[in-house]
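Let's take a friendly walk through a structure together. Keep the picture in view as you read, and look up each residue as it comes along.

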Amino acid sequence: MENIAPALLDWFYKNRRILPFRTDPSPYHVWLSEIMLQQTRVAAALPYYERFLRELPDIPALAACDPEKLHKLWEGLGYYSRVRNLQKAARIVCEQYGGDLPADYDALLALPGIGEYTAGAIASISFGLAVPAVDGNVLRVFARLYNDDGFITDPAVKRLFTARVMDHQPPDAPGDYNQALMELGALVCLPGGEPLCGQCPLADLCAGRKAGRARDLPRKAVPKARKQTEVTVILAESPEGWLLQQRPPKGLLAGLWQPLTFEDTLLEGPGAVRDALEELGLDTGDQPRPLPGAKHIFSHIEWHLHLWRVQLPAQPAPAGCVWASCQALREEYTLPGAFKACKKEMGL
DNA sequence: TGTCCACGTCT
DNA sequence: AAGACGTGGAC
């Protein structure tokens with residue numbers, strides 16, 4: 001196939017979006033933006049990006065940040081391990097590389113939270129190294145360009161596509177080329193529905209378009225059904241504030257805070273709720289009152305939330321729990337989006 | 001309402 | 001190799 005880079009780069013220089021991490025593509029800026037943009041849309045990530053850099057303008061500041069504050073800066077973005085790995089990596093960078101990211105693909109790849117895609121993005125965009133940066137956009141563009149039926153969820157298919165990406169990469173502009181492919185996927189070679197082939201600089205070269213199959217590509221495996229889970233949440237209030245507990249350090253929503261939550265558990269009726277409170281050694285007060293249910297969908301689990309509200313007398317918080325005022329809840333404790341309905345009920 | 005985006009990284 | 005890991009917005 002004819003080399004796509006000339007037409008692609010020409011299009012990119014005329015049509016690319018002005019984004020903050022492009023205005024100053026320092027290694028730290030590109031790193032942070034790429035981590036934030038994993039599984040997250042540009043529009044959703046931008047306000048987080050600006051605030052994060054205001055609070056933590058460089059890698060040493062990130063390394064030194066209080067982990068609880070770090071969670072707070074990420075609250076609402078999801079995949080919280082991303083920000084924990086970001087800090088782990090920042091500390092390694094400070095200890096091993098004097099606070100600057102290494103200009104080396106393999107060294108980047110070895111850092112926590114940096115996989116093939118992110119290592120390639122930083123190496124090519126910030127350091128000008130001739131390596132690939134293949135994300136979902138690029139896989140879609142190449143599935144169509146080559147009219148390739150392979151499942152892009154298959155690692156072997158990804159390797160083949162990556163080799164093709166490198167076949168077209170100009171040695172003097174690897175970063176622009178990688179970004180141009182992603183930008184084309186984001187603005188023109190759109191997922192689902194109808195790609196905007198009329199605006200595509202590669203339309204004449206595109207085998208998928210020629211075959212009338214662009215909209216059917218890429219192919220991917222059928223996703224597994226989500227596990228359905230019943231979850232009971234008790235919003236317990238005392239004169240000291242709301243009762244919060246911290247989640248375990250591993251697994252789903254690790255280390256984040258929540259109201260009293262019983263996963264895989266359906267407490268039926270106020271009697272069962274009161275028993276659960278007494279089980280924790282709490283002095284129960286008024287009769288627990290049921291609230292409207294709620295649903296939260298994770299990528300792999302569906303929570304059916306059963307909410308209760310109860311007023312308790314002033315007393316010490318059980319082990320692993322705290323009483324938190326609304327202000328403390330806003331400023332210090334990170335509650336994941338799964339508890340959106342609870343936050344509303346608690347006046348947050 | 002349900003599906004897709006959303007391969008990204010770690011285990 | 002395959003499952004774990006969040007969220008919100010478009011359609």
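Which helices are included in what covers the buried residues of helix 3? Among them are helix 2 (20-23), helix 4 (42-55), helix 5 (59-64), helix 6 (67-74), helix 7 (81-97) and helix 9. Before going on, please remember that this is a predicted model.

## A covered helix

Helix 3 spans residues 27-37 and is mostly covered, with nine of its eleven residues buried. If you would like to find the buried ones, look for Tyr-28, His-29, Val-30, Trp-31, Leu-32, Ser-33, Glu-34, Ile-35 and Met-36.

After helix 3 comes Gln-39, a residue with a positive phi, near 55°. Keep Gln-39 in mind, for this residue is also listed among the closest to DNA strand C.

## Around DNA strand B

Now turn to the DNA. There are 21 residues around DNA strand B, and the ones that come nearest are Arg-41, Gly-113, Gly-115, Thr-118 and Gly-136. Of the atoms of this strand that come within 4 Å of the protein, 65% belong to sugar and phosphate. The residues of the surface near DNA strand B split evenly by class: seven are nonpolar, seven polar and seven charged. Helix 9 (116-126), helix 10 (136-145) and helix 11 (155-168) each provide at least two residues of that surface.

Some individual atoms are worth finding here. Gly-113 has a backbone N or O atom 2.5 Å from a phosphate oxygen of DNA strand B, and Gly-115 has one at 2.9 Å from a phosphate oxygen of the strand. With Arg-140, the side chain takes part: one of its N or O atoms is 3.0 Å from a phosphate oxygen of DNA strand B.

## Around DNA strand C

What about the other strand, DNA strand C: which residues are the closest? They are Gln-39, Tyr-79, Tyr-80, Leu-253 and Gly-337, out of 19 residues that surround the strand. Sugar and phosphate make up 53% of the atoms of DNA strand C that come within 4 Å of the protein. The surface near this strand has nine nonpolar residues, nine polar ones and one charged.

Again, backbone and side-chain atoms both appear. A polar backbone atom of Tyr-79 is 2.9 Å from a sugar or linking oxygen of DNA strand C, while a polar backbone atom of Leu-252 is 3.0 Å from a phosphate oxygen. For His-296, a polar side-chain atom lies 3.3 Å from a phosphate oxygen of the strand.

## Helices that cross

Helix 10, which you met beside DNA strand B, also packs against other helices. Its axis and that of helix 12 (residues 174-187) come within 8 Å and cross at roughly 80°, so helix 10 is roughly perpendicular to helix 12. On the helix 10 side, the contact is made by Asn-137, Val-138, Arg-140, Val-141 and Phe-142, and on the helix 12 side by Tyr-177, Leu-181, Met-182, Leu-184, Gly-185 and Ala-186. Eight of these contact residues are nonpolar, two polar and one charged. Helix 10 also packs with helix 11, at an angle of about 80° and with the axes 10 Å apart, which means that this pair is roughly perpendicular too. Here Val-138, Leu-139, Phe-142 and Ala-143 of helix 10 meet Lys-158, Phe-161, Arg-164, Val-165 and His-168 of helix 11.

Helix 12 has another partner. Helix 1 (residues 5-15) packs with helix 12 at about 70°, their axes 9 Å apart, so helix 1 is roughly perpendicular to helix 12. The residues of this contact include Leu-8, Trp-11 and Phe-12 of helix 1 and Tyr-177, Leu-181 and Leu-184 of helix 12. By class, the contact holds eleven nonpolar, two polar and two charged residues.

## A buried aspartate

Our last stop is Asp-148, in the loop between helix 10 and helix 11. Is Asp-148 buried or exposed? Asp-148 counts as buried because its relative accessibility is 14%, and buried means under 20%.

What does the side chain of Asp-148 join in a polar contact of 2.8 Å? The partner is the side chain of Arg-164. A polar atom of the Asp-148 side chain also lies 2.7 Å from the backbone nitrogen of Gly-150. Leaving aside residues up to four places away in sequence, Asp-148 touches Ala-143, Leu-160, Phe-161, Arg-164 and Leu-217.

Key
Residues are numbered from 1 along each chain as its sequence is written. Chains are lettered from A and ligands numbered from 1 in the order in which they are written. Side-chain values use heavy atoms; hydrogens and water are left out. A residue is near a molecule or strand if one of its heavy atoms lies within 4 Å of it. A polar contact is a pair of N or O atoms within 3.5 Å; within protein, one must be able to donate a hydrogen and the other to accept it, and residues adjacent in sequence count only if both atoms are side-chain atoms. Helices (H or I, at least four residues) and strands (E, at least two) are DSSP runs, numbered from the N terminus. Ala, Val, Leu, Ile, Met, Phe, Trp, Tyr, Cys and Pro count as nonpolar, Asp, Glu, Lys and Arg as charged, and the others, Gly among them, as polar. Buried means under 20% relative accessible area, exposed over 50%, partly exposed in between (1.4 Å probe, protein chains only). Contact means heavy atoms within 4.5 Å. Axes are lines fitted to C-alpha atoms, for helices over the stretch in contact, and angles run from 0 to 180 degrees between N-to-C directions. Angles under 35 degrees count as roughly parallel, over 145 as roughly antiparallel, 65 to 115 as roughly perpendicular and the rest as oblique.
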